[in-house]
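Visitor: Please take one part of this model and go through it closely. I would like to know what surrounds that part and which charged pairs tie it to the rest.

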Amino acid sequence: MRELIKMVVVLTVLAAFSGGLLAGLRNGTAAQIEKQQLEFVKGPAIKKILDGASNDPISDRFKILDGDVETSFFVGKFDGKANTVAFESFGKGYSGDIGLMVGVNIVTDKIVGIEVTTHSETPGLGAMAKDDPGFAAQFKGFSITEPIKVTNEGGQVNAISGATITSRAVCAAATDAGNMYQKLKPQLTEKIEEFNK
Amino acid sequence: MAKTITQEFTKGLWKEIPPFRLVLGLCPVLGVTTTMENGIGMGLATTFVLLCSNILVSSLRNIIPPKVRIACFIIIIATFVIVVELVMQAYAYRLFLKLGLFIPLIVVNCIVLGRAEAFASKNGLLPSMADGLGIGIGFTLSLASLGAIREVLGTGTFYGASVFGPSFQPFTFMIQAPGAFVCLGLMLCIMNLFEN
């Protein structure tokens, strides 16, 4: 009996200590990790989506708090007007979350481009969502206010062969982005207007 | 138990050098050594985990109940691996992008668990530290040399700098997994040649 209690106590203490340490470290490094992702992953994706913008979308950004999730929005200026915004949403992929940067024109509500940012999909299959530019290019011009689906679910997106789950996840992330966009649109328009001053 | 601290340290550099002598931890050895930089990064990450887990396992060796020791070791190792992952993500993001998947896999690296079970749980703090550091540095050296050979032959660069000039035709076989096996085998063969 004593041995049993000892086992439980030692394991519990060890696990609790480890959990506490990691939670602390995670909090401590969160800001720095966000900065790094902005530079190496999100940055290039944003630049690709908002290609040709006259401003620097990475520095022209703002945050909106929706519930307890804070999302960063990156503003792109075209023809002298701030009319495009890029932001990230997530979909459940084959192995873990897929981050998707979505660029939307706030006047026409149409997608100007998407880019997969972070993922842990299978190389050569699911990872093609990021590596094959043709897949992401399909989303261009879709209306963000309507659900986006793959062809065999009645949508317009040709799924990557061998990676149905990933393709659906990207569509779900884009649809999610649309829902968030519609919900936050009044706030968004207001904030973007500030960049026109 | 007549071994000195120095002997515990140096055994990891030649006599028990992990991928060659113990032939352990082959997954990262074959997976990440396509360049020397990756090899060094992976080696240092593993060294840190080895050293820290050896220290903790050794100092807790009288408290950890034998029946749940493996579970305890795994908690300790996993904690340090996540520490490495977070720190690398925060301060060496480029390296993190390349090593990505292989960092969490250090948890199940046989070298780390092997040292905890076979050495740190039976020895004092100082020998365990020397052991962890020695094996870790040995592992780093192996990964770096394997990475260097594969990088030079496979892509014609050494630590990112071009060696043979633009006319070099890369021997791409070397940067694929079978090339890693062949390279590892040849290196082990040369080491045995020296030994005898």
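Guide: A salt bridge here is a side-chain nitrogen of Lys or Arg within 4 Å of a carboxyl oxygen of Asp or Glu. By that rule, B:Glu8, B:Lys11, B:Arg115 and B:Asp131 are linked in a network of salt bridges. The model is a predicted one, and the part to look at is helix H7 of chain B, residues 110-120.

Start with the end where the helix begins. There, a side-chain oxygen of B:Asn109 comes to within 3.0 Å of the backbone nitrogen of B:Ile111.

Next, the buried side. Six names make up the buried set of H7(B): B:Ile111, B:Val112, B:Arg115, B:Ala116, B:Phe119 and B:Ala120. Viewed down the helix axis, these residues fall within an arc of 135°, so they line one face of H7(B). The cover over them includes several other helices of chain B: H1 (5-11), H2 (18-22), H4 (36-59), H5 (69-91) and H8 (125-155).

B:Val112 serves as an example from that face. This residue of helix H7 of chain B has a relative accessible area of 0% and is therefore buried. Beyond its neighbours within four places in sequence, B:Val112 is in contact with B:Thr46, B:Val49, B:Leu50, B:Ser53, B:Ile77 and B:Ile106. One of these, B:Ile77, is 35 residues away in sequence, while the C-alpha atoms of B:Ile77 and B:Val112 are 7.6 Å apart in space.

Now the charged residues. B:Arg115, one of the buried residues of H7(B), belongs to the salt-bridge network that also takes in B:Glu8, B:Lys11 and B:Asp131. Within this network, B:Glu8 and B:Lys11 form a salt bridge with their closest N and O atoms 2.7 Å apart. B:Glu8 and B:Lys11 are three residues apart in helix H1 of chain B, so about one helical turn separates them. Like B:Arg115, B:Glu8 and B:Lys11 are buried.

A further salt bridge of H7(B) joins B:Glu117 to B:Arg69, at 2.9 Å from N to O. This pair links distant parts of the chain, since B:Arg69 is in helix H5 and B:Glu117 in helix H7 of chain B, 48 residues apart. B:Glu117 counts as partly exposed because its relative accessible area is 24%, and B:Arg69 is likewise partly exposed, at 31%.

From H5 the view can move to the loop between H4 and H5 of chain B, where B:Lys67 is found. B:Lys67 makes a salt bridge with A:Glu3, the closest N and O atoms being 3.7 Å apart. The pair crosses between chains, with A:Glu3 in helix H1 (residues 2-49) of chain A. B:Lys67 is exposed, at 62% relative accessible area, whereas A:Glu3 is partly exposed, at 40%.

That is the one salt bridge the rule finds across the interface of chain A and chain B, out of a count of 14 over all chains. Four residue pairs are in polar contact across this interface. On the side of chain A that touches chain B there are eleven nonpolar, five polar and three charged residues. In total, 19 residues of chain A are in contact with 22 residues of chain B. The two chains bury about 1900 Å² between them, and 80% of this is on carbon and sulfur atoms.

Terms used
Residues numbered from 1 in each chain as written. Chains lettered and ligands numbered in written order. Predicted model: local features only at pLDDT ≥ 70, side-chain atom pairs only at ≥ 80, totals over all residues. Heavy atoms only, no water. Buried < 20%, exposed > 50% of the residue type's maximum accessible area, 1.4 Å probe, protein only. Helix = DSSP H or I, 4+ residues; strand = E, 2+ residues; numbered from the N terminus. Arc of directions from axis to C-beta. Contact = heavy atoms within 4.5 Å. Polar contact = N/O pair within 3.5 Å; in protein donor to acceptor, adjacent residues only side chain to side chain. Buried area = accessible area lost by both parts, 1.4 Å probe. Nonpolar A, V, L, I, M, F, W, Y, C, P; charged D, E, K, R; others polar.
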